[in-house]
Amino acid sequence: MPRIGSPVTSVGTGATAADVQIFTASGADTWTKPSNAQSVEIILVGGGGGGGSGRKGAAAGVRSGGSAGGGAGLSRTIVPASTLGSTETVTVGAAGGGGAAQTTDDNNGNAGTAGGNTSFGTILVAPGGKA
C-alpha cells in the first residue's frame, strides 16, 4: 500500500491503482468503498490535547510556563472490504483548545481541553490526547 500522499507510480498487469481517501476536517464525513476493493487499510489519528496556560505572577513573583497537551493516539488496521458497508461514517476528532491566559497576578494557569476521538464507523477508534 502506498503511504498517504505518495503517488502510485506503477501497477502490475491487471492491477488497479490504490484509491486513497484522506479526511482532515474535524467532524463527520462519509467514506465510500471503491467497487473493486479487496481490502481496506485504515489509519486514524485522534485530535491532540490542548496545552495549559502559564502561571501569572507579580513582578519578582513566581511565574511559569504552561504544560503541553497530550499526544493523540494512532490506530491502524487492514480489513477485508467485504466486511464494510458501501459507505462508512468517518469522524475526525478536533484538536483540544489551549487553556485561557491567566489575567490575575499570583494565580496558576488554566487547563486546556482534551482532543476528540477519530473513528471509522464502528471498526476502529484513535483516542484524542488528554489536556
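How many helices and how many strands does the protein chain have? In this predicted model, the protein chain has zero helices and six strands, and the legends below take up its parts in turn.

**Figure 1. Overview of the protein chain, an all-strand succession of elements in the order β-β-β-β-β-β from the N terminus on.** The protein chain has 131 residues, of which buried residues make up 25%. Its exposed surface comes to about 7,900 Å², and carbon and sulfur atoms supply 50% of that area. Where contacts join residues at least 6 apart in sequence, 71% of them are between residues at least 24 apart.

**Figure 2. The open sheet of four strands, with the order β1-β4-β5-β6.** Pairing in this sheet is antiparallel, and its edge strands, each of which pairs on one side only, are β1 (27-32) and β6 (124-126). On average, and with direction ignored, neighbouring strands of the sheet are turned by 15° against each other. As background to this view, strands of a sheet pair through backbone hydrogen bonds, either parallel or antiparallel.

**Figure 3. Close-up of the pairing between strands β5 and β6, which run antiparallel and are joined by three bridges.** Strand β5 covers residues 118-120, and β6 covers residues 124-126. Within this pairing, S119 has V125 of β6 as its bridge partner. Two further residues in this part of the chain, F120 and L124, belong to the largest nonpolar core, which is the subject of the next view.

**Figure 4. The largest nonpolar core, made up of twelve residues.** Its members are W31, V40, I42, L44, V79, A81, L84, V90, V92, F120, L124 and A126. The elements that give two or more residues to this core are β2 (39-45), β4 (87-92) and β6, and β2 gives the most, with three residues. Since membership of such a core is restricted to buried residues, each of the twelve has a relative accessible area under 20%. For one of these core residues, A81, the surroundings can be followed in detail: leaving aside residues up to four places away in sequence, A81 touches K33, A37, Q38, S39 and V40, and V40 is itself a member of the core.

**Figure 5. The salt bridge between E41 and R76, one of three found in a search of the whole structure.** The closest N and O atoms of E41 and R76 are 2.6 Å apart. E41 lies in strand β2 and R76 in strand β3 (residues 74-80), so the pair ties together parts that are 35 residues apart in sequence. The two partners fall into separate accessibility classes, because E41, at 23% relative accessibility, counts as partly exposed, whereas R76, at 51%, counts as exposed.

**Figure 6. Salt bridges between the loop that follows β2 and the loop that follows β4.** D106 forms a salt bridge with R55, and the closest N and O atoms of this pair are 4.0 Å apart. Because D106 is in the loop between β4 and β5 and R55 in the loop between β2 and β3, this salt bridge ties together parts of the chain that are 51 residues apart in sequence. Both partners are partly exposed, with relative accessibility of 45% for D106 and 22% for R55. A salt bridge also joins the side chains of D105 and K56, at 3.5 Å from N to O. This pair, too, links distant parts of the chain, with D105 in the loop between β4 and β5 and K56 in the loop between β2 and β3, 49 residues apart. D105 has a relative accessibility of 35% and counts as partly exposed, as does K56 at 31%.

**Figure 7. Backbone close-ups of A60 and D106, residues other than glycine with positive phi values.** A60 has a phi of about 70° although it is not a glycine, and its place is in the loop between β2 and β3. With a relative accessible area of 86%, A60 is exposed. For D106, phi is near 60°, and this residue has its place in the loop between β4 and β5. D106 is partly exposed, with a relative accessible area of 45%, and the side chain seen here is that of the residue whose salt bridge with R55 appears in the preceding view.

Notes. Residues are numbered from 1 along each chain as its sequence is written. This is a predicted model: local features need pLDDT of at least 70, side-chain atom pairs count only at pLDDT 80 or more; totals for chains, interfaces and linings use all residues. Side-chain values use heavy atoms; hydrogens and water are left out. Buried means under 20% relative accessible area, exposed over 50%, partly exposed in between (1.4 Å probe, protein chains only). Contact means heavy atoms within 4.5 Å. Accessible areas come from the Shrake-Rupley method with a 1.4 Å probe; for residues, only the protein chains shown count as cover. Two strands pair if DSSP finds at least two bridges between them. Axes are lines fitted to C-alpha atoms, for helices over the stretch in contact, and angles run from 0 to 180 degrees between N-to-C directions. A nonpolar core is a set of buried Ala, Val, Leu, Ile, Met, Phe, Trp, Tyr and Cys residues joined through side-chain atoms within 4.5 Å.
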